[in-house]
Protein chains: 2
Amino acid sequence: MAAARVYKHPETGDIAIPRVMFALSEPLRLSMVQLLSERGEVDSIELGPDLPRSTLTHHTSLLRESGVVFVRAEGRKCMIQLRRDDLETRFPGLIDTVLHGYQESNPGMAEA
Amino acid sequence: MAAARVYKHPETGDIAIPRVMFALSEPLRLSMVQLLSERGEVDSIELGPDLPRSTLTHHTSLLRESGVVFVRAEGRKCMIQLRRDDLETRFPGLIDTVLHGYQESNPGMAEA
DNA sequence: ATGCTTGTGCGAGAATAGTCGAACGATATG
DNA sequence: CATATCGTTCGACTATTCTCGCACAAGCAT
């Protein structure tokens, strides 16, 4: 059988603040991270059901390469999860603080 | 006399997470904020003594418009300070967390 | 006033990022 | 096996950002 898709991730120690900040500076990606923080591991398509696939890949790749999410192949889909522990190790409190601030400033978030 | 330079700043409540994150995603600006957090109010030129003036203005303007810093004219120079309290009110813990993470991941910071 | 310093605005150019369609490979389903 | 589904890659286009030189305005010094 052919090798399944394999994704490259930065080591925990190599996660860099500027890249993480940049990854979280896009409203779309920020909402993805917010959803990941609520849901745990998620099918990639749930992060942007209405987006063109190539756009979705673009954003998930950026989140992965910046060290924010972990991606793994599962059959033909791909599953995404927030690297919460790694981020907590590297930058304690960062994700919680950012997501808390994000929720505070987003009125329309109380659904589900 | 002509009106002195006046700078527009977003209200505390209008400071938005994505813009702040973007402002802090540039290594140069991040180092500026780091220096501001140590020094309090600072002459703008101290934020980038070797930069072309127009480049410096570009970054300080971006930091100001995103709500990260407060700028005021003082004679012909301009003084910059971190909007620490406003940011703390709006996004508790964010700046401290980011700067802490930044310091952690920057070996060459122990001078001065 | 003359000259010097500082910040700003404008414009150009380069670099980076975002969006998306099309083609492809891999996987699941019939 | 044939087909549909999903993710990735590529290329193109657009938009945004970064950098910087230059000209200008305002404040300070002699």
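Start by selecting chains A and B together: a turn of 180° and a shift of 0.0 Å along the axis lay chain B on chain A with an RMSD of 0.0 Å. The superposition is a least-squares fit on the C-alpha atoms of residues with pLDDT of at least 70 in both copies. The two copies are thus related as by a two-fold rotation axis.

Before going on, a word on conventions. This is a predicted model, in which local features need pLDDT of at least 70 and side-chain atom pairs count only at pLDDT 80 or more, while totals for chains, interfaces and linings use all residues. Residues are numbered from 1 along each chain as its sequence is written, chains are lettered from A and ligands numbered from 1 in the order in which they are written, and side-chain values use heavy atoms, leaving out hydrogens and water.

**Stop 1: where the copies meet**

Now color the interface residues on both chains. Of those in chain B, 100% are also interface residues in chain A, so the copies meet through the same surface.

**Stop 2: two helices in chain A**

Select residues 27-39 of chain A, helix α2, and residues 94-104 of chain A, helix α5. Helices here are DSSP runs of H or I with at least four residues, strands are runs of E with at least two, and both are numbered from the N terminus. The axes of the two helices come within 11 Å and cross at roughly 110°; axes are lines fitted to C-alpha atoms, for helices over the stretch in contact, and angles run from 0 to 180 degrees between N-to-C directions. That makes α2(A) roughly perpendicular to α5(A), a label for angles of 65 to 115 degrees.

Show side chains next. L30(A), S31(A), V33(A), Q34(A) and S37(A) of α2(A) meet V98(A), L99(A), Y102(A) and Q103(A) of α5(A), with contact meaning heavy atoms within 4.5 Å. This contact has five nonpolar, four polar and no charged residues. In this scheme Ala, Val, Leu, Ile, Met, Phe, Trp, Tyr, Cys and Pro are nonpolar, Asp, Glu, Lys and Arg are charged, and the others, Gly among them, are polar.

**Stop 3: the pair in chain B**

Switch to α2 (residues 27-39) and α5 (residues 94-104) of chain B, which pack at an angle of about 110° with axes 11 Å apart. Look there for L30(B), S31(B), V33(B), Q34(B) and S37(B) meeting V98(B), L99(B), Y102(B) and Q103(B).

**Stop 4: DNA strand C**

Select strand C and the 21 residues around it; R29(A), H59(A), R5(B), Y7(B) and S44(B) come nearest. A residue is near a strand if one of its heavy atoms lies within 4 Å of it. Sugar and phosphate make up 71% of the strand C atoms that come within 4 Å of the protein.

Which helix should you highlight for the largest share of this surface? Pick α3(A), which supplies five residues. By class, the surface near strand C has five nonpolar, eight polar and eight charged residues.

Zoom in on the polar contacts, which are pairs of N or O atoms within 3.5 Å. An N or O atom in the side chain of H58(A) is 3.1 Å from a phosphate oxygen of strand C. For R76(A), the partner is a base oxygen, at 3.3 Å. For R5(B), the partner is a sugar or linking oxygen, at 3.1 Å.

**Stop 5: DNA strand D**

Finish with strand D, which has 21 residues around it, with R5(A), Y7(A), S44(A), H59(B) and R76(B) nearest. Sugar and phosphate account for 64% of its atoms within 4 Å of the protein. The most residues on this surface, five, come from α3(B).

Three side chains deserve a distance label:

- Y7(A): a polar atom 2.6 Å from a phosphate oxygen of strand D.
- S54(B): a polar atom 3.1 Å from a base oxygen of strand D.
- H58(B): an N or O atom 3.1 Å from a phosphate oxygen of strand D.

How values were computed. Polar contact = N/O pair within 3.5 Å; in protein donor to acceptor, adjacent residues only side chain to side chain. Parallel < 35°, antiparallel > 145°, perpendicular 65-115°, else oblique.
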